[in-house]
Amino acid sequence: MTTTTTVTVKLSRSNRIYRSSAFNFTQEPVEGKIVIKSPSSISHQAIRLSVNGSVNLQVRGGSAGVIESFYGVIKPIQIVKKTIQVRSSGRIPPGTTEIPFSVNLREPGESIAEKFYETFHGTNINIQYLLTADIPRGYLHKPLSATMEFIIESGRVDLPERPLPPEMVVFYITQDTQRHPLLPEIKTGGFRVTGKLATQCSLQDPLGGELTVEASSVPITSIDIHLLRVESIIVGERIVTETSLIQSTQIADGDVCRKMTLPIYVLLPRLLMCPSIFAGPFSVEFKVCITISFKSKLAKAQPKSDPTAPRLWMALERLPLELVRTKRDQFSC
């Protein structure tokens, strides 16, 4: 039996996903229950539930100038902020008490300041929606609280059924397309890699394409696909942009056969990616970086850091990636 009083917020949906419709949100109330477990009866001064949705922006010192580094955290963009009372003051009996709640994030006719951006957890930009249950108990007792994040996805009626046709981009990678220096044996011997990749992709679909090593005088050790996020924030009169790695997927290990087509199939991580956003004070974009590593003694001696950084033994190709939400995504969860 528990010896302390605990509070948790449980949502009615196990995946915690709710959908917005453009600039309003009246179709899907957020429902659930506040669960209180207490070894004895306790008094309280009302039970309140707060909803807070915001875009949190920050600029790290390495991305900004000296002045901006002192003001690394920028004022959040408030999307929704409201508090409701789910129970008036009284007492909670011993044992487990479940208090149901239902809250509309936007009421009909309510003024609109910001649209509901989709949930996103980036390096400098975080779009987050939180439910917080607060139980004040007076000056002589410690208040109780619990917080739960829920996920917002677009539920607009004008969403496409799916991107048709998928936008495939043909690419080729040779020693002449590289903007950084290569090892002499790689530069002189030459190589050619061709392929195609979808540069517009539904969030629910894998990133697809294919790649073929046409020729290479130096053995290949690895071929990798890296997903990158590009976050831009307006700071004063400047735009601070930072590119960071989301995930890496190896599609070939070792020296692959020449002229053999390799499939590209990459699953997208939901919370780390969202539909491409171009808002006023910030933007979130995505890129794909294809890296081809060649056999070299230098590669073993160098410490592993950013896998997309230019290296003497590595060829790179970066392509833009537009992520979209489709109607089919709404029924796949």
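Biologist: Let's begin with strand 18: which of its side chains point to one face and are buried, and which point to the other?

Modeller: This is a predicted model, so please read everything here as computed. Along strand 18 the side chains alternate. Leu262, Ile264 and Val266 point to one face and are buried, while Thr261, Pro263 and Tyr265 point to the other face and are not buried.

Biologist: Which strand pairs with strand 18, and over how many bridges?

Modeller: The general idea helps here. Strands of a sheet pair through backbone hydrogen bonds, in either a parallel or an antiparallel way. In this structure, strand 15, residues 207–216, pairs with strand 18 in the antiparallel sense over six bridges. If you want a place to look, Leu211 has Leu262 in strand 18 as its bridge partner. Leu262 is also one of the buried side chains on that strand.

Biologist: What is the order of the strands in the sheet of four?

Modeller: The order is 12-13-15-18, in an open sheet with antiparallel pairing. Strand 12 (168–174) and strand 18 (261–266) are the edges; each has a single partner strand, so one side of each has no neighbour in the sheet. On average, neighbouring strands here are turned by 20° against each other, direction ignored.

Biologist: And how many bridges join strand 12 to strand 13?

Modeller: Seven bridges join them, and the two strands run antiparallel, with strand 13 covering residues 191–198. One pair to find on screen is Val170 with its bridge partner Lys196 in strand 13.

Biologist: Which strands form the open sheet of three?

Modeller: Strands 1, 3 and 8 form that open sheet, in the order 1-3-8 with antiparallel pairing. Strand 1 (6–11) and strand 8 (95–103) are its edge strands, each pairing on one side only. For this sheet too, the average turn between neighbouring strands is 20°, direction ignored. Strand 3, residues 30–38, is joined to strand 8 by nine bridges and runs antiparallel to it. Within that pairing, Ile36 stands opposite Thr97 in strand 8.

Biologist: Now the backbone angles. Where are Ala46 and Lys259 found?

Modeller: Both are in loops. Ala46 has its place between strand 4 (42–44) and strand 5, and Lys259 is found between strand 17 (238–253) and strand 18. Ala46 has a positive phi of about 100° although it is not a glycine. Lys259, also not a glycine, has a positive phi of about 65°.

Biologist: Is each of them buried or exposed?

Modeller: Ala46 has a relative accessible area of 3%, so it is buried. Lys259 has 61% relative accessibility, so it counts as exposed.

Biologist: What about Ser54 in strand 5: buried or exposed?

Modeller: Ser54 lies in strand 5, residues 47–58. Ser54 counts as buried because its relative accessibility is 8%, and the cut-off for buried is under 20%. Its side chain is joined to that of Asn56 by a polar contact of 3.5 Å.

Biologist: Let's turn to empty space. How much of it lies in the largest pocket, and which residues lie nearest its centre?

Modeller: Rolling a probe the size of a water molecule over the atoms shows where empty space is left. In this model, the largest pocket holds about 450 Å³ of space. Its lining has 19 residues, and Ser293, Lys304, Pro307, Trp313 and Met314 lie nearest the centre.

Biologist: Which elements supply at least two residues of that lining?

Modeller: Strand 16 (220–235), strand 20 (282–294) and helix 3 (297–301) each do. The largest share, four residues, comes from strand 16. By class, the lining has six nonpolar, eight polar and five charged residues.

Biologist: How many cavities of 30 Å³ or more does a search of the whole structure find?

Modeller: The search finds one, and about 30 Å³ of space lies in it. Its lining consists of Gln58, Val59, Asn124, Glu231, Ile233, Val240, Thr241 and Glu242. Strand 16 and strand 17 are the elements that give two or more residues to this lining. Strand 17 gives the most, with three residues. By class, three lining residues are nonpolar, three are polar and two are charged.

Notes. Residues numbered from 1 in each chain as written. Predicted model: local features only at pLDDT ≥ 70, side-chain atom pairs only at ≥ 80, totals over all residues. Heavy atoms only, no water. Pairing = 2+ DSSP bridges. Axes fitted to C-alpha atoms, helices over the stretch in contact; angles between N-to-C directions. 1 Å grid on protein atoms, 1.4 Å probe; cavity = no way out; pocket = protein on both sides within 12 Å on 5 of 7 lines; lining within 4 Å. Points joined across faces, edges and corners; volume = space filled by probe spheres on them. Nonpolar A, V, L, I, M, F, W, Y, C, P; charged D, E, K, R; others polar. Buried < 20%, exposed > 50% of the residue type's maximum accessible area, 1.4 Å probe, protein only. Polar contact = N/O pair within 3.5 Å; in protein donor to acceptor, adjacent residues only side chain to side chain.
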